[in-house]
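Q: Could you give me a close look at one part of this model, namely whatever enclosed space it may have and the surroundings? I would be glad of one connected account, with enough context to place it.

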Amino acid sequence: MATSAPIELAQTGKRDFLKALEEKYQERWSQERLFEVNPPTLEETAGLTPAEIQHKFPKWFGNFPYPYMNGSLHLGHAFTISKIEFAAGYQRMLGKRVLFPHGFHVTGMPIKACADKLIREIEMFGPDFEGYQPEAEAEASSGPVPVQGAPGVGKATKGKVAAKATGLTYQFQIMESIGVPRSEIKKFAEPQYWLTYFPPIAMRDNNRMGSRIDWRRSFITTDANPYYDSFVRWQVNKLYKMGKIKFGERYTIYSPKDGQPCMDHDRADGEGIGPQEYTAVKMEVVDWSPTAASEIEGKVGGRKVYLVAATLRPETMYGQTNCFVGTAIKYGVFAANDKEAYLCTSRAARNMAFQGVFSERGKVEQLLEIDGSKLVGTKIKAPFGINPEVYVLPMENVLATKGTGVVTSVPSDSPDDYATLVDLRKKAEFYKIDPKWASIDPVPVITTPAYGDMTAPALVKQLKINSQKDIKQLAEAKELAYKEGFYNGKMLVGEFKGESVQDAKVKVRSAMIEAGLAFAYAEPEGLVISRSADECVVALMDQWYLDYGEASWKAQAEKLVAKMNTYNGETRNAFEGTLNWLNQWACARTYGLGTKMPWDTQFLVESLSDSTIYMCYYSVAYLLQGGVIDGSKPGPLGITPDQMTDEVWEYIFCKGAWPASAPIPREKADRMRHEFEYFYPFDIRSSGKDLIQNHLTFAVYNHAAIFEEEKWPLSMRANGHLMLNGQKMSKSKGNTLTMREATEKFGADATRLALADAGDGIEDANFDEKTANANILRLHTLISWCEEMAKDEPNMRQGPRSSYHDRIFEEEINDLINITKSHYDGYFYKDALKYGFYELQSARDWYREVTGDIGMHADLVKDWIRTAALLVTPIAPHFAEHIWSVVLKEPQSVQLARFPVPPRPVDRTIIDSGAYLRGTIKSMRDGELNLLKKMGKNKGKMTYDPKKPRSARIYVAHAFPAWQDQCVQAVKEAYSVEHNKVDDVKAREILTSQGLIKDKRAMPFVQTFKKRIAEFGAQTAFQRTLPFSEADVLKEILPYLKKTLNLVDAEVWTVEDALTKEGFSKMIVESSEPGSPAFEFWNV
């Protein structure tokens, strides 16, 4: 994909003209309240079944994940919103009651964390940050410029440099960068201020984009909105009573700084990363190496010291031959309690501190620090090892960022361990070890069908691994060894000898822990940074969690996904994959904004757990809140938040019994239930693909648990991320655009067209500013042309549509209507735009060109203008409104218009003849261009001079040459319908039997014909007759042909007649085929 820098608009007159129109029509739509939608009344639906109601009063409900309100909406938001926005526009044109709502998410940590940062910065710099002094430039550049690729310049360094280069070190700077005046920033130290500041901006930005949103149904989350707060309390109470929310000790990603779990939405980095569980093996020190002894003696308080290794394969511990450390790693010795101390990395110790491993939770007591190189030669005990004592050896591939930094060595089953052991034995002097430390041979522990009793040596040999430096091959070997061992391995030694590895793994682990030789340990699968800039750990803690993954609930979720339309296989696979691994999600926190857990008010419902079924809340929001997003005023029903009890919510959404002591009149609840019953289930939810692994799958689980099957989501659609000018959007690189900036720069419709053109699949899409800029000119030019045609209508051709080109144009318009509709139906907006906008204009351009001598027909031009406005209404509604209202003078808004329907089935014969005409003229033009190129290079003999007066003859064949028919028949006999493939051997045998194999023309023709089968399908390829008369069609184009090619004359000849004439090139005449006429120029 090509990349380009952001563009600057040199001229803005046309853009400003379009923006003025957009603002005019947005105001009209707002005044006419066109996007406020209500269900049919209870009176209108009385006595009708739900199916009858939907047939008589069809609806469509589309939504997308409500954005988080800690800033303005960016172009990525606009891209996801556009998928629902375009669909809403189209579904309106089908006569449906279209509900497109938009809420605002403020639950969770980010707003509170940012507010707390501002409090600290106000303390540091003053209320308007007047005390802030930027670092002196000289200080920043005093050091030498680092050389690219030099040692020490790693990813972390680059990240810090990039962050520093933006100048956004502090929160107040970030606020300024998104357009908040410095004098107003201090107000954001109060979290509630964010809730009132950004939602109105998002509403204005959407309105400026022309979004068809029913703003009456908008709301904010958390207890700042008492109605939504009541709704979430009902939801979690229901889940709790159903046994879906449980309390217990479990591992979770945790921020020590924030003092609570750090869920996906709380993270600045590391979304989707979960805990990885290990067995931490305790290897007691028998004798320190001399260098280690001198540093450790007297510093551990009489405690026994254990090297702690984290392993995923406890069943292999019988085969330990040594232990590895990284010589470049700094290790610590940490007090576990009064009697034991553990040697590992400080990162591992920090995780252990929150897992009950150390005596005091959260406290890391480091007794000393020591270089890994000094540990080499230390003798340790090997728990469960056939060899009870082994030595510590050096290893180059030990990572300080994974596990504990200490690695048990089982060279029989670990390719890394075996390769390293071989290296050490070969180069003991180089690695500065005593050869006896590496003298223990690999011990058979597991046998597998594929690799025998020595898996690692077998794989090292098979993959030709030469040393521990062959990292890529070792990674492959490791994966093969683990899979083969786990799925097919049997234990050769130990208490569980003869058992499968799958069974023995858990038993060995339990036995080691019970014997005090190991303990459970976990850490994040990768780096997780909270929004408060804290590196997270894994904590073992009592907490409320949603029991995702529980067998019966998972089965319900799988059933929902199986029924739901996901639009492509990749999205379905992502859902199914997530359901396979998702397990027990912490749903409570103590820090941030949110709804309090009703039964345990010290906790708040976390942000991914209060946003799973809120789509149903849209159906009743305006009745409760009346369009006031924080619910500070009662809505049309006059219901107060305290009156919305769990029983009332249950009655509305789950057909619960009407409570005897209901706080509201039943008819009011019936009104809300009617809204819900009409609009639910939603027809589509569109989202970025990254939310499949959490939010969208959570929505699946919660809908499956709470609602009856008929209310389950009908579809979920996932799109890729949006790039800008071929590059990932990045503030630090200056490659970013907000929704407001896009509409200010290009206008709404030009932006919308570029969003539609960006792509529709799950792969990443691209917003190209050059495309958006080109759209400005295209829209402006099209408006001018339509206005000009409307004025010129009296002077245009009237009466019967007598020209063959009229027929072609009319059929092409109708054909493009059908094609465009099919793409709108499939949510393919790039293709809808291609056919309903670009191809439609191409059809007009051709019609205008070929009727130059007689002029375009007034009725057809008007039909085209009407169709052009309607087909693009979902994507470019402002342009469409102007054409509809001003040019066509329609009294009602285009937002109320219906999608066009052709008056009759499309005549494919006419369509095909039009394509034939264009193809023929293109071939003739290309032929002359090629001849001119040859003349310029003085290549070949010229049969005529294209620069002098000339005429043309077109030769039409009614039948293929006999030899070609024979070839086609041979291919047809060798073609397998079942396999959609030609048997080349059989085709050759048939051609040989017919004596055609010696004809030099035969095999090239067969190969070309096979390509035609691949391109157009077998049925089309084998059907070799045209449904129209080529000669008649070509005669219709002769006037245009003479004009466009500047010919003196042009004639159409049949092949049979041409072959009887003197002076005609027989070779050219005979090259003509049905559907592919030959042509010949000559000078006159």
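Cavity, pocket and surroundings

A: Happy to! Of the protein's 1084 residues, 53% count as buried. Please keep in mind that this is a predicted model. For the overall frame, the C-alpha atoms fill a box of roughly 115 × 85 × 70 Å along the principal axes, and the secondary structure comes to 38 helices and 32 strands. Among contacts between residues at least 6 apart in sequence, 77% join residues at least 24 apart.

Now to the enclosed space. There are five cavities of 30 Å³ or more, and the largest of them holds about 50 Å³. Its lining consists of Ala78, Ile81, Ser82, Glu85, Phe86, Met209, Ser211, Arg752 and Leu755. Two elements, α4 (75-93) and α25 (748-757), each give two or more residues to that lining. Helix α4 contributes the most, with five residues. By residue class, the lining of the largest cavity divides into five nonpolar, two polar and two charged residues.

Helix α24 (residues 739-746) adds to the picture, since both α4 and α25 are among the elements that cover its buried residues. Those buried residues are Met739, Ala742, Thr743, Lys745 and Phe746. Seen down the axis of α24, they fall within an arc of 165 degrees, so they line one face of the helix. Besides α4 and α25, the cover includes α1 (13-31), α10 (191-209), β27 (765-767) and α26 (769-792). After α24 comes Gly747, which has a positive phi, near 90 degrees.

The UniProt record helps to place these elements. In an unreviewed entry, it puts the feature "domain: Aminoacyl-tRNA synthetase class Ia" at residues 58-119 and 193-767. The span 58-119 is 47% helix and 13% strand, and its end C-alpha atoms lie 52 Å apart.

For a contrast with the enclosed space, here is an open one. The second largest pocket has a volume of about 1200 Å³. It is lined by 39 residues, of which Tyr278, Ala310, Leu312, Lys402 and Lys478 lie nearest its centre. The residues of this lining divide into 19 nonpolar, ten polar and ten charged. Helix α16 (471-488) is one of the elements that supply at least two lining residues, alongside β6 (275-287), β7 (304-311), β14 (406-409), α14 (415-426) and α17 (501-514). The largest share of that pocket lining, six residues, comes from α16.

Two loop residues round off the tour. Asp534 sits in the loop between β18 (529-530) and β19 (537-546). With a relative accessible area of 9%, Asp534 is buried, because that value is under 20%. Leaving aside residues up to four places away in sequence, Asp534 touches Ser255, Pro256, Lys257, Arg350, Val528 and Ile529. The other residue, Met242, is found in the loop between α11 (226-241) and β3 (245-255). Met242 is partly exposed, at a relative accessible area of 36%. Met242 and Ile706 are 464 residues apart in sequence, yet their C-alpha atoms are 9.2 Å apart in space.

Terms used:
Residues numbered from 1 in each chain as written. Predicted model: local features only at pLDDT ≥ 70, side-chain atom pairs only at ≥ 80, totals over all residues. Heavy atoms only, no water. UniProt positions renumbered as here; feature names shortened; annotations may be inferred. Helix = DSSP H or I, 4+ residues; strand = E, 2+ residues; numbered from the N terminus. 1 Å grid on protein atoms, 1.4 Å probe; cavity = no way out; pocket = protein on both sides within 12 Å on 5 of 7 lines; lining within 4 Å. Points joined across faces, edges and corners; volume = space filled by probe spheres on them. Nonpolar A, V, L, I, M, F, W, Y, C, P; charged D, E, K, R; others polar. Buried < 20%, exposed > 50% of the residue type's maximum accessible area, 1.4 Å probe, protein only. Arc of directions from axis to C-beta. Contact = heavy atoms within 4.5 Å.
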